[in-house]
Amino acid sequence: MSDRQEELSQQRRAKLMRLRDRGVDPYPPRYRRSHTVLKASELFERWEAGGSTSEALVVRIAGRVGAMRTMGRATFFDLRDGSGKLQAYLKEDVLGPEHYEGLRDLDLGDFVGVEGHLFRTRTGEVTVQASNYTVLAKALRPPPEKWHGLVDVETRYRQRYLDLISNEEVREIFAMRSRVVGAVRRFMDDHGFLEVETPILQPEAGGAAARPFVTHHQALDRDLYLRIATELHLKRLIIGGLDRVYEIGRAFRNEGLSSKHNPEFTLLESYEAYADYNDVAAMVEEMVSTVAQEVLGTTRVSYGDDEIELKPPWRRLRVQDALAEYAGLELAQHWEEPALRAWMKDREIEIPPGASWARLVDEVLSTCVEPRLVEPTFLIDYPAQLSPLAKKRPDDPRFVERFEPFAGGLELGNAYTELNDPIEQRERFLEQSAKRAAGDEEAEVMDEDFLLALEHGMPPTGGLGMGIDRLVMLLTGQRSIREVILFPQLRARE
């Protein structure tokens, strides 16, 4: 804390003591509001529009104090609660000299309750003229930058409450996030999907190519993993006869931080029996456009310098065609690792140490293709080596029936026709185990319990994983995932 901040804090503590010396409880246990400030404003406007000449409306509102202005024997301040702000007008001849003098011990950021009648000032602002006020919580530290907005990114993320206090647009982003999640849930429910919950602590972390977090269960004396996906448990439910299931929940991947990655994130996964990846793609484009229309009132969104139309149909683009179009890579001529590695070296594309052929293809896609997929696009038909849980194309088994949806250069998710042959799935797991033994910590793990379930029979199934954080980024125009996660993971302070 700086010397100036320490001085301000001490001044506030002195005011706190003066309140207590006068017998005022600066932290009372309750205050009964009659209205939020938004409802109070709406009530007055309805009353005013009705032309009523009866006695003025009396309300009890509460909120955090901002924009305090004292003019001799009258004081104005704003009260802000979760719904908005409303001006309060306090006069010495109404409150009485002693109670009015107590306003000297109020500061910006304090919580106060106000009771009085509503009126409109000469400047046209709806205001409550206070007949009484109550201190509800004395703030011992001042709000940041006197309500003019907190701009320091480090402080905004580490002390999100200050960000929310200061920046109205930030509050709106997270209110919109809540509406997006609600709209996604309604869409899935309306389409006959059953919302379920699966374990976060798992004996094997499968369902995605990612390094997991590990923890130890003391009573069982065994290591468990935070889930990296919900896939393998949701497929068990399809096997059990629940034909359409979904889950919206947290997933955890022990990976680096970036503008698009946080090690803890929110994931929608859904599985539908008797569907394939074409059915899932149709559902995704309908879902995203429906959610945008419900939350934003339009299917057109601004993302960076681009205006993006989310209405179906979205473009379908095969991976090998995308590589040729955007990277100049003919995949058929670079099907072996040495050839692909040489091609990347010639173009100075980063080659991850010890990367397999599949990972090299993924690197080219990430570098050369994905940032250029601005209009909504399904990148379809991935090489089989990249997708150990997806079903191969019957007409070309080098590729699987898989797609990833993109918009604004942002990957939104991953989906495929699920592999339901238990013998082939075991072979794929064994291939992944060999990669893991060779040092690939993100390779899929062998999950015998899932294979046992799969041997009982799973119908043809289409599966989807969609990042809720990425979807909110797209709909709110945010370029960093930290802007849409209330408490993002940060590096330790030095």
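Select Arg120 and Glu48: their side chains meet in a salt bridge, with N and O 2.8 Å apart. This is a predicted model. Colour the chain by secondary structure and the two ends of the pair are easy to place. Arg120 is in strand β4 (residues 111-120), while Glu48 is in helix α2 (residues 37-49). The pair links distant parts of the chain, 72 residues apart.

Now turn on the surface. Are these two side chains buried or exposed? Arg120 is partly exposed, with a relative accessible area of 32%. Glu48 is also partly exposed, at 36%.

Next, select Arg156 and Glu483. Their side chains form a salt bridge too, 2.7 Å from N to O. Find Arg156 in helix α5 (residues 153-158) and Glu483 in the segment after α15 (468-476). The two are 327 residues apart in sequence, so the salt bridge ties together separate parts of the chain. Arg156 has a relative accessibility of 8% and counts as buried. Glu483 has a relative accessible area of 14%, and it is buried because that value is under the 20% cut-off.

Move on to Arg177 and Asp469. The closest N and O atoms of this salt bridge are 2.8 Å apart. Arg177 lies in helix α7 (residues 168-190) and Asp469 in helix α15, so here the pair ties together two helices that are 292 residues apart in sequence. How much of each residue is accessible? Arg177 is buried, with a relative accessible area of 14%. Asp469 is buried as well, with 2%.

After these pairs, select a group: Arg12, Lys15, Asp107, Asp110 and Lys138. Salt bridges that share partners join these residues into one network. How many salt bridges are there in the whole structure? A search finds 40, including the pairs visited above. Side chains of opposite charge can pair when their charged atoms come close.

The last stop is a set of like charges. Select Asp305, Asp306, Glu307 and Glu375, which form a negative surface patch. Residues in such a patch have no salt bridge. Zoom in on Glu375, found in the loop between α12 (357-369) and β15 (377-383). Is Glu375 buried or partly exposed? Its relative accessible area is 41%, which makes Glu375 partly exposed.

To end the tour, show Glu375 and Asp469 together with the surface on. Glu375 is partly exposed, whereas Asp469 is buried.

Methods
Residues are numbered from 1 along each chain as its sequence is written. This is a predicted model: local features need pLDDT of at least 70, side-chain atom pairs count only at pLDDT 80 or more; totals for chains, interfaces and linings use all residues. Side-chain values use heavy atoms; hydrogens and water are left out. Patches are made of residues with over 30% relative accessible area and no salt bridge: like charges are joined within 9 Å, nonpolar side chains (Val, Leu, Ile, Met, Phe, Trp, Tyr) within 5 Å. Accessible areas come from the Shrake-Rupley method with a 1.4 Å probe; for residues, only the protein chains shown count as cover. A salt bridge is a side-chain nitrogen of Lys or Arg within 4 Å of a carboxyl oxygen of Asp or Glu. Lys and Arg count as positive and Asp and Glu as negative; His and the chain ends are not counted. The place of a charge is taken as NZ of Lys, CZ of Arg, CG of Asp or CD of Glu. Helices (H or I, at least four residues) and strands (E, at least two) are DSSP runs, numbered from the N terminus. Buried means under 20% relative accessible area, exposed over 50%, partly exposed in between (1.4 Å probe, protein chains only).
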